[in-house]
Amino acid sequence: MTLRQFEYALAVAEAGSVTAAAEVLRVAQPSVSQQIRSLERELGVTLFARTPAGLVPTAVGRAFLRDAEVTVRAARQAKATARAGADELEGELVVAAQMGLGTRQLPGALIALRRRFPRLEITVFEEANPAELKRLARRGVVDLGLIAGPCEEDLYESHHLGDEEFVVVLSPEHARLAADRVELRDVAREPWIRFDHGSALDGTLRDVLGDNGLAPTTVARVSQTATAVRWAAHGLGVTLVPTSAVPPGFEHLTRPVHPAVSMPTVAAIRPGAGPAEMALLKFLRQETWYYTDFSGSGSPPAHNWVMPPSTRNSAPAA
């Protein structure tokens, strides 16, 4: 087996046909077909099934492709590390952000990183499901993750960036907007816009309200923090999100809650990370990590420090 065969198989799986994969790879179609057939003969299995919708990976094909993806990424990372020079770093950097963390900070850090390494490819995705994020991390797909709280395992090292306060989002007509800080009990009976079952955000909301003896009524479930904020702004219900995840233009509809809800924001990177990861960590440290104090007192009130389902309980960093 060769790395080229792995790349061809992944391209066929993504494109759904040999013809489309060949166009993406910029090679002749017969070359792709030959490499796939050779790979299947060597493995002794059928990787793709022909359907009316195109070529679809078989069950064994899906299992093979998962490992092939890890292998290709590792090869690209090795190539990038070998070529690392002043401005010669190539390859792909994969960043995952949990619960919308870093929504405002990541763009500036990534712009600085692209200026530093203009030939580096960067992929960022928001992963709301902690189990999926953990699976990707174990497979070595994620190079840097923004998570709430310390890393669970030894695969990654924790670098504390700051503390993120959560805010409640209200409609423009909501009477509680007149207050500087909203009591959780005052909005507990409102309809709540929640997040997907099993997501870290929904776990945070459930734990916060549960710790205060409150049971929310769910009016909708969404996957993205921006959707929850916009729907709350339209009056569908209220929601609770990290400060930095509030889209620009909606800040006036947010209020911190009492008891306050905060959690540490952590950059997780592998031990012995390469120059791209370390440079991104440096740029992230230069960004402002929000702690919202609307009380005007100069000192924050007592907090509920929440560790989402994907992290171990830990005392907050001072």
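Select Ala96 to begin, and you will find Phe125 of strand S4 standing opposite it. Widen the selection to strand S3 (residues 91–97) and strand S4 (residues 120–126), which pair in the parallel sense over seven bridges; two strands count as paired if DSSP finds at least two bridges between them. Helices (H or I, at least four residues) and strands (E, at least two) are DSSP runs, numbered from the N terminus. Next, add helix H5 (residues 105–116), through which the chain crosses from S3 to S4 in a right-handed β-α-β crossover; right-handed here means that, with the strands pointing away from the viewer, the path from the first strand over the helix to the second runs clockwise.

This is a predicted model, in which local features need pLDDT of at least 70 and side-chain atom pairs count only at pLDDT 80 or more, while totals for chains, interfaces and linings use all residues. Residues are numbered from 1 along each chain as its sequence is written, and side-chain values use heavy atoms, with hydrogens and water left out.

Now select helix H1 (residues 3–15) together with helix H3 (residues 29–43), whose axes lie 9 Å apart and which pack at an angle of about 110°. H1 and H3 are therefore roughly perpendicular to each other, a term that covers angles of 65 to 115 degrees. On the H1 side the contact (heavy atoms within 4.5 Å) is made by Arg4, Gln5, Tyr8, Ala9 and Val12, while the H3 residues taking part include Val32, Ile36 and Leu39.

Between helix H2 (18–25) and H3, pick Arg26 in the loop. Arg26 has a positive phi of about 60° although it is not a glycine, and Arg26 is exposed, at a relative accessible area of 78%, where exposed means over 50% and buried under 20%, computed with a 1.4 Å probe on protein chains only.

Move on to Thr265, in strand S12 (residues 260–269), which is buried with a relative accessible area of 0%. Leaving aside neighbours within four places in sequence, the contacts of Thr265 include Leu101, His159, His160 and Trp289. Show Leu146 as well, since its C-alpha lies 6.8 Å from that of Thr265, although the two are 119 residues apart in sequence.

Finally, select Pro259, in the loop between strand S11 (254–258) and S12, where the peptide bond from His258 to Pro259 is cis, with omega near 0°. Zooming out, the chain holds 10 helices and 13 strands, and 47% of its 318 residues count as buried.

Key
Axes fitted to C-alpha atoms, helices over the stretch in contact; angles between N-to-C directions. Parallel < 35°, antiparallel > 145°, perpendicular 65-115°, else oblique.
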